Structure formats: structure tokens, C-alpha cells
Amino acid sequence: MGDVTATLRQIVEGALRDVAAEKGLVFSGLPEIAFEKPKRDNQGDLSTNCAMQMSRHFGEKPMALAEKIVARLSSDPYLEKVETAGPGFINFFLSSRWMGEVLADILNRGKDYGSSHLGGGRRVQVEFVSANPTGPLHVGHGRGAAVGDIIANILNFSGWDVQREYYINDAGLQMDILGRSTQARYFEIAGCPEKAPFPSDGYKGGYIYDIAGSVREREGDRFLSLPPEESLPFFKTFAADTVLATIRKDLADFGVTFDVWFSEKSLYERNLVPSAMETLKNRGFAFEQDGALWFKSTDFTDEKDRVLIRSNGVPTYFASDITYHKEKFDRGFDRVIDIWGADHHGYVPRMKAGVESLGRNPEDLEVLLIQFVNLLRDGRQVAMSTRSGEFVTLRDVMDEVGVDATRFFFVMRRSDSHLDFDLELAKQTSNDNPVYYVQYAHARICSVLREAEARGIAVPAGADVPEGIFASDEEKKLLSRLADFPKEAEKASKDLAPHILVNYVSDLAGDFHSFYNAHRVLGEEEPVVKARLLLVKAAGTVISTVLGLLGVAAPERM
């Protein structure tokens, strides 16, 4: 009875079919019956408006149909009572039997409670961050890292075979600019900037000086006597490797690891781009004109066709991206999820068209867009960048507020909505800080269980709860929230929405704090103590599970 809505849906559908049979009505299928939590506590644990939605089909007024449904539900053992309200709502008050079964389900399944087989073992690739290795990760990359990593966790929890991938954009003009920028700073440090002037479009951050300084420490002055073009390949490779090592370290410290680091250069080294272009031509989606190869994007939703291979033989980014996605699907993924910055919004339809032109369903590629992050300090926006090329990095934020708060705050809102990140709030050790509030609930739970052990009170191994022992509103509300977790986890997986779990665990922590502040766990009659210890243990299990999915610690002491 873990997913109470599924059981209630069956019960209500059965009642509707009985009503339909009495009226001589035949339905091939009923619309899905939706349930929601009533806004007021006295309106029950769950509510449905199905009578209002279906009244016309039954030829009944909504309230009359609601009453007929209710008349057929009164004997169900999972329901304490059922009431009609307003213009035709049906409110359900769940029974003690249901509460005991919820507890039993959580305690028996432990960390598996809430998991599902939604993915059916199908393979999904989640590609995220994929920042050009031209500088440190900034806070926007950090939000993408948190979203991608948590989505991968959620998909794995719901039965998908997940692979995390980082696409290294290590081919193309930006790598040349990185190399020239580093080379120019090297000669500048050596006192002869005229040998390699800093490029007008070069990377100006202080980190370029750091990389150039590392070159001098390791290589000395050996490049001073060489023509700049001769030493440029070294600077390109050294700078890219250094930046990528920094990115790897920052992500690892942020709790993000990848199964695959895929190099864009490998597409060319393996000669995959010409092969992909031939596939497009053979399928009638590419044509040659004016010495260039074009993609027939006007066959889809684009206003004009797009160049794939320029007349000078150089592939465009679009050609690389189509090739890369062909390579992804050739690896056998059933589903590919890309997580991009919001500035790529206009590129999404083109990329889906590219996937479709390769013979895949465009829905096999899903693109999540990550909106910008505004950092706030004392209510004022923090400047994110300067003309000198300095910007607020993911490392800056991690070091200031900690990994847990950074990850939690990054996913408190929908990924496609702007996020205000309050640095001062994230550091507070008070209930005003959302992540502290949740972690404190878990630490409180661990404290209760430790105290029980210290008093020689064993937490029951099973969940044999006497009916009627959970009588208070706080206990029922906490149990109802715990029962919601499988449904919330499934919704987060279907919608690729980590913020759903943040909202859920915040509400769960609030329900636990309310219960804890209203009732003693220890020092009551033995049956009450044992039942409440089970409730506390179940709450701790679910909070720990959700925090684990978010990649946030569940501390035992605070």
C-alpha cells in the first residue's frame, strides 16, 4: 500500500463502473482519476474532483455523482471515512491499517523505498556540463553539473541504465585562441611580449597567467629561441590539459563523476564526420551547393538550410554535433538527454532535426535548458564577470558555502527558470536556510534513535503497529507525506525535475519538525514509544534517501 493514490484510483474506478452498470452505461475506458492533497487539514488526506469531471458522461449533477461514488466506498478497510464537499469534491480520510502498511513498506524496503522499474533497464545517456576546456567552471556550469548529476541519480533510482558523459570541445578555433593566449602570457612573463602579442579575442583571466607561469617553471626559456608558430602546438595542448584537469578536480570535489569523457577531436581522428555526412546524403537530407555541403533543415522547422561543411572543407559545429549524436545512438542508447545553457534555446529544434534525419525519433533526444544564476549577497547582486575576464567560479561558491548547500540551492527551482542564489542564506545555521532545515531534521532523527539506544529501548525490527495508535494530525500528516515519496520520485524522473525532490524533502522535514515539536517519542506508554520510534526511523530513511539522490550529506549530528 506504498502508493496510496494507485490503490484509491482502483477503488474509485470500481465504484464508477458500478454506477455506470446500474445506469446501463458502457465505457471503453475511464479517464485517469487524479488526486491531490486538500489545502486544509480538515478536508482529509487526499481529494479528487473526478465527479465534476465525469458528471456529464453519467448524466448526473457533480454532487449527486460524488455521493453515489462515496456510498460504494464506505466499507473499504483502507478508508476511515469518505466525505463529499463543495460542488462535488470527494475527500478521503485514510485508516490506521493504511498507516501501518506504509510504515511496513518503508522499513522493509529501506533505501529501495520509492524506487521503481519505470525505465525497465533501458539505456539512457545524460550528457552535461561539457564546458569548453578554456577556463574554470563558472556558477552557470555548476548549476548544470548539479542538475545533470541529480537527474542521472533519479533515472537510475527509477530503473534506467544510466551513463554520464562529458563532451570535451577540444577541436576548433577556441582551442587555438587558448593556446595563443597562454603563449602570449608566457612571452610577457619572460620579458619579450613582442614575440607573441596577446590576441584581440584572447582569454584575459588571471588563470592564463597561472598556466603560462607553470610552463616557465617546467620548460624554462626554451621556447624563447623558437618561432612562435613552432611552439604553439605545445601551448595549446598544455593549456587545454591544465584547464581540463582543473575542471575534473572541481567536479570531483562537487560530487560529480563521469563514466565517459568524450573528446571532440576523436570524431575527426576516427574519421566519423565524413561517414555521418554520407549518411545524411544517402537519406536525402544533405546536398552540395557552391562548393559546400548543406543540411536540408527547411524540411523541418527551420527558415533556411544550414551549412555542414564549408566551401574550404572545414566542418561547422553543427556537422560535429550531428556526428557526435549519431555516435551516441550507434552506441545503443535508447534515450539521450543533453543539458545545455539557456542561450542554446534556438539550437534545440535544429539538433532534433539532425537526429530525425539520421533515422531516429526526435523524441529520443531530450534537451534541458539551464537558466542563469544570480548570486546575491546581502540582497544585492554579485557581479559575475569583469572586463579583465575574471568571473565567479563554481570553486568560489563551493569554498564559501560548502558542497551541500551549493548543490541543494542550485536545484531549488526548475532548471529552466532563473535562480537567485543567496550566499549569506546558504551559510546560515538556522531554519531559514533550506538545506540546514532538512539536514537538521535528519540529525534530530538520529539523536532520537541514539537516545532510545542509550535508554536501552530497542527500535522494533518489524512494523507491527496497533490500529488507532497514530491518532494525531501531526502523525497522520507525516505518514501521508512519507507515502507520497514513490509518486514524487516517479514524477521527478518523468519530468527530469530535481526541484520536485527538493520541494518534497523540504515539506517532509517540515512535517517531521511539526510532529517532533508536538509529541514526545520517548517517555510515553510502551506501545506508543515503539510506534513512534518506527515512524521516526521511517522518516529518517526517506530523508536520507532523498538527500542521497540530491548528492547532499545526511548528517547524524549537527
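This section describes the fold, cores, pockets and selected residues of a predicted model.

The protein chain contains 19 helices and 14 strands. Its C-alpha atoms fill a box of roughly 90 × 60 × 40 Å along the principal axes. Of the 558 residues in the chain, 52% are buried. Long-range contacts feature strongly in the count. Among contacts with a separation of 6 or more, 71% join residues 24 or more positions apart.

One open sheet was examined strand by strand. The sheet has three strands in the order β13-β12-β14, and the pairing is mixed. Strands β13 (380-381) and β14 occupy the edges; each has a single partner strand, so one side of each lacks a neighbour in the sheet. Strand β12 (residues 373-377) runs parallel to β14, and four bridges join the two. Within this pairing, L376 has D422 of β14 as its bridge partner. On the other pairing, β12 and β13 run antiparallel and are joined by two bridges. Here R377 stands opposite R380 of β13.

The side chains of β14 (residues 419-422) alternate. L419 and F421 point to one face and are buried. D420 and D422 point to the other face and are not buried. Such alternation between the two faces of the sheet is the pattern of a regular strand. D422, the bridge partner of L376, thus belongs to the pair that is not buried.

F421 also links the sheet to the hydrophobic interior. The largest nonpolar core has 144 residues, and I69, F421, F485 and L550 touch the most other members. Helix α19 (residues 526-550) gives this core its largest share, 14 residues. A second, separate core has 30 residues, including A319, F333, W340 and L365. In soluble globular proteins, nonpolar side chains tend to be buried together.

F485 illustrates the packing within the largest core. Beyond its neighbours within four places in sequence, F485 contacts Y113, G114, F157, L501, Y504, V542, T545, V546 and L549.Two pockets and one cavity were then considered. The largest pocket has a volume of about 1300 Å³. Its lining comprises 47 residues, of which A131, N132, H141, D343 and H344 lie nearest the centre. Three elements each give two or more residues to this lining: α5 (139-157), α11 (317-330) and β10 (335-341). Helix α11 provides the largest share, six residues. By class, the lining of the largest pocket divides into 21 nonpolar, 20 polar and six charged residues.

The second largest pocket holds about 680 Å³ of space. It is lined by 25 residues; D484, P486, K487, E488 and K491 lie nearest its centre. Helices α1, α17 (473-495) and α18 (498-518) each give two or more residues to the lining. The largest share, nine residues, comes from α17. The lining of this second pocket has 15 charged residues, with five nonpolar and five polar.

The count of cavities of 30 Å³ or more comes to one. About 40 Å³ of space lies in this largest cavity. S96, M99, G100, V465, P466, E467, G468 and F470 form the lining. Four of these residues are nonpolar, three are polar and one is charged.

Two further residues were inspected individually. S357 is found in helix α12 (residues 348-357). The relative accessible area of S357 is 0%, so the residue is buried. Leaving aside neighbours within four places in sequence, S357 is in contact with L280, R283, F285, F295 and F300.

Q43 lies in the loop between α1 (4-22) and β1 (46-48). With a relative accessible area of 27%, Q43 is partly exposed. This value falls between the 20% limit for buried residues and the 50% limit for exposed ones, which is why the residue belongs to neither class. Not counting residues up to four places away in sequence, Q43 touches P38, N91 and F93. Q43 and R350 are 307 residues apart in sequence, and their C-alpha atoms are 49 Å apart in space.

Notes. Residues numbered from 1 in each chain as written. Predicted model: local features only at pLDDT ≥ 70, side-chain atom pairs only at ≥ 80, totals over all residues. Heavy atoms only, no water. Buried < 20%, exposed > 50% of the residue type's maximum accessible area, 1.4 Å probe, protein only. Pairing = 2+ DSSP bridges. Core = buried A, V, L, I, M, F, W, Y, C linked by side-chain atoms within 4.5 Å. Contact = heavy atoms within 4.5 Å. 1 Å grid on protein atoms, 1.4 Å probe; cavity = no way out; pocket = protein on both sides within 12 Å on 5 of 7 lines; lining within 4 Å. Points joined across faces, edges and corners; volume = space filled by probe spheres on them. Nonpolar A, V, L, I, M, F, W, Y, C, P; charged D, E, K, R; others polar.
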